[in-house]
Amino acid sequence: MRIFQKIAVIGLAAGLGFAGFTAQAADDPVAARQAVMASVGAAAGLGGGMMKGEIDYNPAAGKAAIATMNAAAATFGDFFPAGSDQGNTGAAPAIWENADGFSAELAKFADAASKAMEASGKSGPADLDAFKAAMGPVFGTCKSCHETYRKKN
């Protein structure tokens, strides 16, 4: 199996694993959102690697990365209830101090991921340029959200 196929399978498995984990971890929102972000990180690694030419582009791998982002965008905001700012979390206090701003960032993420999913069609973006056009805006929302709503290390 070629490297990009292995990575696509790993990314898809991470996305499916996150879905099962979040269902079990609903009573632990910090663990649930960390699982969601782990799947997003895997998808970003795969997508970014293809965009940089480090991984051969493959439409199925592109679709897997986009689908993982879309699934995360649909659920991620559910795991920030009051009081979940404590403990081992990378979530910045600004999430709870500016809930409307955070909600707006989540809405941008969901919109970009949904549009990428729609643009990717049944089999994934046909080529690297189509993948970049679909995934670029999704990555942009990640960056803008992390600048304000993620703790600086």
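In this predicted model, the buried residues of helix 6 are covered by parts that include helix 2, helix 3, helix 4 and helix 5. The buried positions in helix 6 are Phe-131, Ala-134, Met-135, Val-138, Thr-141, Cys-142, Cys-145 and Tyr-149. An α-helix has 3.6 residues a turn, so residues three or four places apart point the same way.

Helix 6 has 22 residues. From its first C-alpha to its last, helix 6 reaches 30 Å, close to the 32 Å expected at 1.5 Å a residue. At the start of helix 6, Asp-127 places a side-chain oxygen within 3.3 Å of the backbone nitrogen of Asp-129. Further along, helix 6 has a kink of about 30° at Met-135. The proline Pro-137 follows shortly after this kink.

Met-135 is also a residue of the largest nonpolar core, which has 33 residues. Met-135 is among those with the most contacts inside this core, together with Met-50, Met-69, Phe-102, Phe-109, Phe-131 and Val-138. At least two residues of the core come from each of helix 2 (29-52), helix 3 (59-75), helix 4 (94-97), helix 5 (99-120) and helix 6 (128-149). Helix 6 supplies the largest share, 7 residues. Neighbours within four places in sequence aside, the contacts of Met-135 are Met-51, Ala-65, Ile-66 and Met-69.

Aromatic rings form a further theme. The structure holds 5 aromatic pairs. In one of them, the ring centres of Phe-76 and Phe-80 lie 5.0 Å apart. Their planes stand at 80°, so this pair is edge-to-face. Both Phe-76 and Phe-80 are buried.

Phe-80 also pairs with Phe-102. Here the ring centres are 4.9 Å apart and the planes meet at 70°, so this pair too is edge-to-face. The pair of Phe-80 and Phe-102 links distant parts of the chain, 22 residues apart. Phe-80 sits in the loop between helix 3 and helix 4, whereas Phe-102 belongs to helix 5. Phe-80 has a relative accessible area of 12% and is therefore buried, the limit being under 20%. Phe-102 has 5% relative accessibility, so Phe-102 counts as buried as well.

These three phenylalanines are part of one aromatic cluster, formed by Phe-76, Phe-80, Trp-96, Phe-102 and Tyr-149. Tyr-149 ties this cluster to helix 6, where Tyr-149 is one of the buried residues. Phe-102, for its part, is among the residues with the most contacts inside the largest nonpolar core.

Note on methods:
Residues are numbered from 1 along each chain as its sequence is written. Side-chain values use heavy atoms; hydrogens and water are left out. A nonpolar core is a set of buried Ala, Val, Leu, Ile, Met, Phe, Trp, Tyr and Cys residues joined through side-chain atoms within 4.5 Å. Buried means under 20% relative accessible area, exposed over 50%, partly exposed in between (1.4 Å probe, protein chains only). Helices (H or I, at least four residues) and strands (E, at least two) are DSSP runs, numbered from the N terminus. Contact means heavy atoms within 4.5 Å. Rings of Phe, Tyr and Trp (its six-membered ring) pair if their centres lie within 6.5 Å; planes under 30 degrees apart count as stacked, over 60 as edge-to-face and the rest as tilted. The expected span of a helix is 1.5 Å times one less than its number of residues. The bend at a residue is the angle between axes fitted to the seven residues ending there and the seven starting there. A polar contact is a pair of N or O atoms within 3.5 Å; within protein, one must be able to donate a hydrogen and the other to accept it, and residues adjacent in sequence count only if both atoms are side-chain atoms.
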